[in-house]
Amino acid sequence: MNIIKNLHGYTAQKPLALSIGMFDGVHLGHQQIIKKLNAGAAQNNLDSALLTFWPHPRKVFNPNDDLKLLNTIDEKTYLLQKNGIQHLFLNEFDESFRNLTGGEFVTQILIEKLNVKYLIIGYDHTFGKNKSGDFALLEKMAPECGFELEQVQAVDFGKAPISSTQIRNALAEGNVVAANEMLGYVYSVNGVVVGGKQIGRTIGYPTANIKVDSMKLLPKKGAYIVEVFVEGERYKGMLSVGTNPTVGGSTLSVEVYILDFDADIYGKEISVNFREFLHDEIKFESLEKLIERLDEDKRLTAEFGF
């Protein structure tokens, strides 16, 4: 996949089939758009491309917004490549870009820079200053600008369309099963194993403390059954997102106890897939009560099938 990190001075050499959006999560709704995009590109002898933005526009309009994302840039790039996108434009959502009207965006970006001949957008997509661009504007401009246009309808989960927001809400409730269904894959976090307080080691449950990207959304505080990937090998694990209140902790951490594993992995990158919510974060009255709960969590994790 060809990655272009900004559009300053860029002009596409080959006509493109394009879609636009944040594509945070690259969920089943996004995958439906990409599937139709790739089909349209093949049918019209075009390259498939996607225009997305960094940082997220919400962070530009409200710098104090504590928005966390389903994907890091690297994760999103991997997922888009896996889904067959040929060109990825990671454009900075800066002041000049945000001030383009819908019409200016079409002429200056889609036509002059990206040479778009086939455009596909989601059912609720808007663009341009004050959301002045929408499907109606694109329908009006498509004939004069020389591109074909298609709009993809929502993919529903239950009674509501799948959206990045809906998935974030599910994770905020600890409902990783629903989140995974909407994503079409298993939600994961990864990071380097760093040193912690090593309290788990003293009670028979040594954990790997994972340093997670600060923009990555963590599920609700609590305990989870996870798959752990270490140097290409897969293990079962039980993971805690929380502050360790039983031992007076106050800093949020992500720690995983890996079953049947005792290697030194400090400084190594590991990945965990969230499979099942076990329980909320609990402040136990004693270490003995904590160990009892850990023993039960370990039993449930060992019996979990994946």
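The following exchange asks how the descriptions of this predicted model are justified.

Reader: What kind of model is this, and how many helices and strands does the chain have?

Author: The model is predicted. The chain has ten helices and 14 strands. Its C-alpha atoms fill a box of roughly 75 × 40 × 40 Å along the principal axes. Of the 306 residues in the chain, 46% are buried.

Reader: Why is His30 called buried?

Author: Buried means under 20% relative accessible area. His30 has a relative accessible area of 11%, so His30 is buried. His30 sits in helix 1. Leaving out residues up to four places away in sequence, His30 touches Phe23, Asp24, Gly25 and Ser164.

Reader: Glu75 has a charged name on my bench list; why does Glu75 count as buried?

Author: The cut-off is under 20% relative accessible area. Glu75 is at 14%, and therefore counts as buried. Its place is in helix 3, residues 73-82. With residues up to four places away in sequence not counted, Glu75 touches Leu70, Ser188, Asn190 and Lys216.

Reader: Why does Ile109 count as buried?

Author: Relative accessibility is 6% for Ile109, and the limit is under 20%, so Ile109 counts as buried. Ile109 is found in helix 5. Beyond its neighbours within four places in sequence, Ile109 is in contact with Leu7, Leu51, Phe97, Leu100, Glu104 and Leu114.

Reader: How far apart are the C-alpha atoms of Ile109 and Thr11?

Author: They are separated by 9.3 Å, while the two residues are 98 residues apart along the chain. For the chain, among contacts between residues at least 6 apart in sequence, 74% join residues at least 24 apart.

Reader: What makes a group of residues a nonpolar core, and which residues have the most contacts inside the largest one?

Author: The members must be buried residues of the nonpolar kinds, joined through side-chain atoms within 4.5 Å. The largest such set has 31 residues, and those with the most contacts inside it are Leu18, Leu51, Phe89, Leu114 and Leu119. Two or more residues each come from strand 2 (16-20), strand 3 (47-54), helix 5 (102-111), strand 5 (116-122) and helix 6 (135-145). Helix 6 gives the most to this core, with six residues. A second, separate core has 29 residues, including Leu70, Val193, Leu217 and Val241.

Reader: Which residues does Leu119 touch?

Author: Contact means heavy atoms within 4.5 Å. Not counting residues up to four places away in sequence, Leu119 touches Leu18, Ile20, Leu110, Leu138, Phe147, Glu148, Leu149 and Glu150.

Reader: How do you know that strand 2 and strand 3 pair?

Author: Pairing needs at least two bridges between the strands. Five bridges join strand 2 to strand 3, so by the definition they pair, and they run parallel. Ser19 stands opposite Leu50 in strand 3. The open sheet has six strands, in the order 1-4-3-2-5-6, with parallel pairing.

Reader: What makes strand 1 and strand 6 edge strands?

Author: Strand 1 (2-4) and strand 6 (148-152) each pair on one side only. Across the sheet, neighbouring strands are turned by 20° against each other on average, direction ignored. Helix 6 packs on the sheet, where it touches strand 5 and strand 6, and its direction makes about 160° with that of strand 6.

Reader: Why is strand 11 described as largely enclosed by the rest of the structure?

Author: Eight of the nine residues of strand 11 (residues 222-230) are buried, so the strand is largely enclosed by the rest of the structure.

Reader: How do you know that strand 11 pairs with strand 12 and with strand 14?

Author: The requirement is at least two bridges. Strand 11 and strand 12 (residues 233-242) have nine bridges in the antiparallel sense, so the definition is met. Nine bridges also join strand 11 to strand 14 (residues 269-280), again antiparallel, so that pairing holds too. Gly222 stands opposite Val241 in strand 12, and Tyr224 stands opposite Phe277 in strand 14. Strand 11 and strand 12 form a hairpin with two residues between them, and Glu231 in the turn has a positive phi of about 50°.

Reader: Which residues lie nearest the centre of the largest pocket?

Author: Gly21, Met22, Asp124, His125 and Thr126 lie nearest its centre, among the 39 residues that line the pocket. Its volume is about 1200 Å³. Helix 1 (28-43), helix 2 (57-61), helix 4 (95-98) and helix 7 (164-172) each supply at least two residues of the lining.

Note on methods. Residues are numbered from 1 along each chain as its sequence is written. This is a predicted model: local features need pLDDT of at least 70, side-chain atom pairs count only at pLDDT 80 or more; totals for chains, interfaces and linings use all residues. Side-chain values use heavy atoms; hydrogens and water are left out. Buried means under 20% relative accessible area, exposed over 50%, partly exposed in between (1.4 Å probe, protein chains only). Helices (H or I, at least four residues) and strands (E, at least two) are DSSP runs, numbered from the N terminus. Axes are lines fitted to C-alpha atoms, for helices over the stretch in contact, and angles run from 0 to 180 degrees between N-to-C directions. On a 1 Å grid over the protein atoms alone, a cavity is a set of points where a 1.4 Å probe fits but cannot get out, and a pocket is an open set with protein on both sides within 12 Å along at least five of seven lines; lining residues have an atom within 4 Å of a point. Grid points are joined across faces, edges and corners, and a volume is the space filled by probe spheres set on the points.
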